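Thanks for coming. I will go through the ligand site first and then two points about the backbone. Here is the structure.

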Amino acid sequence: MGEKKDIFAGSVIASPARGLKGTVTVPGDKSISHRSIILGSIATGVTEVEGFLEGEDNLSTLNAMRLMGVKIVRPEEDKVIVNGAGMAGLGEPPDCIDSGNSGTTARLLTGLLSAQPFFSVITGDSTLRKRSMKRVVEPLSMMGASISGRLNGSYLPLAISGRWLKGISYRTPVASAQLKSALLLAGIYAEGETVIEEPEKSRDHTERMLRAFGADIDVRGNAVRVRSTKTLNGCKIIVPGDISSAAFFMVGAAIAPESELLVKNVGINPTRTGIIKIIKRMGGTIDIENRREVSGEPVGDILVKSSRLKGIAISGAELLPAIDEFPVICVAAAFAEGTTTVSGAGELRVKESDRIAVMAESLASIGVEVKEKEDGIIIKGVGPGHVKKGVIKSHGDHRIAMALSMAALRSADGIGIEGAGCVDVSFPGFFSVLDSVRAS
Ligand code: S3P
């Protein structure tokens, strides 16, 4: 097992640029990469994954499955061969499972482990141990799971005594793909059927992939139903580029004055394309070309040109398919003309950092007028101007570091980013990719 990176380490100075030009590809989708390893591990036969994101978060999932005895080979960096152990083939992990910084690893595996006939302990890094697991533990306990942890089973480390589960019908209090996926992974082992209904539809990669692996699953509106499954069949998965990583480049190209950038091979699943709609509504010039379907997921190339953005009001429902893009949406808003308001997005306070507070603090420190709201933010854009020189802290949050690197493109004199090493969580090599398209 490799050394875990320190997400608070490393500083860079992100510099200004005239624009972003040329063609760029971004690493594989983080959500799809996690799911390919998990489902591949409990499938029968081989699952070959191409375009796997080699980020720290996904390596946490991969190492967890290895710890349960799954034979996983990586012939090339972005290629993974998972020799499925079968639905009943996982073994008791001889040590704690370390999810590192990855909420997806912790929550999805809590669902999976609840249904295994063995004991396991799952933990994570100092920031993940502060993020509540209650929303997952509660419904899993209703299915019969035995999970204990700090503060009534709310915080990692969680100790899980796997057991026989029964299906439930559950309306989730929030739209969360991690929660839905945890219940689906428990649901395929549970007796009878499990129905999960969300207030709004969160990303549906688990549903798509379960179907591709042959699970008995149907989706109706915001509700998903799975039945107890005997076998999943391993298959080939080609992972598209992550739209959440592409988003930094889309906004960077839009706000810098001399840009024309093609981001190739990006996943454009409708539960994830909120960022494209938001940039368009702000007046951005952005188009999707070469639309196609790969491994059950829609994919396209995204062309972005320099744009004069204007401030808009963004609701929680509009933000949901762009939930991870909040930091970079704030950067777009900082360079728009007029005011942008985000509301109904309290979930942002429980991500890798409190993203509302951290973006408010970061933008204020580079001279942007900003007001924090309990469930969102109000940002007064600088219009065609620049932001001032400043130093921001990533708070160990990869998306804060990358968003502020894009703000630096239109800064008078660069932005210092403390704790820039965290970009490896989802986008190893981010700064060299940015340099490769920088027109200065
Ligand atoms: C993810 C779901 C989202 C997202 C996270 C990845 C997933 O979290 O923010 O980065 O892969 O299921 P929530 O389920 O907490 O909304």
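An oxygen atom of the ligand lies 3.1 Å from a polar backbone atom of A177, which fits our cut-off for a polar contact, a pair of N or O atoms within 3.5 Å. Before going on: this is a predicted model, where local features need pLDDT of at least 70 and side-chain atom pairs count only at pLDDT 80 or more, while totals for chains, interfaces and linings use all residues. Residues are numbered from 1 along each chain as its sequence is written, and side-chain values use heavy atoms, leaving out hydrogens and water.

Two side chains also approach ligand oxygen: an N or O atom of S176 at 2.6 Å, and an N or O atom of D324 at 2.6 Å. The ligand taken alone exposes 390 Å², and the protein buries 95% of that (Shrake-Rupley, 1.4 Å probe).

Who surrounds the ligand? The shell consists of S31, R35, T104, S176, A177, Q178, R203, I323, D324 and K351, with a heavy atom within 4 Å as the criterion. By class, that shell has two nonpolar, four polar and four charged residues. Helices α1 (30–42) and α6 (177–187) each supply at least two of the shell residues. Domain 1 (4–28 + 241–439) and domain 2 (30–238) each give at least three; the bounds come from an automatic or database domain assignment.

Now the backbone. Most residues other than glycine have a negative phi, and most peptide bonds are trans. The L156 to P157 bond is cis, with omega near -5°, and P157 is in strand β9 (residues 155–161). N290, not a glycine, has a positive phi of about 55°; strand β16 (residues 285–294) contains N290.

Terms used. Polar contact = N/O pair within 3.5 Å; in protein donor to acceptor, adjacent residues only side chain to side chain. Helix = DSSP H or I, 4+ residues; strand = E, 2+ residues; numbered from the N terminus. Nonpolar A, V, L, I, M, F, W, Y, C, P; charged D, E, K, R; others polar.
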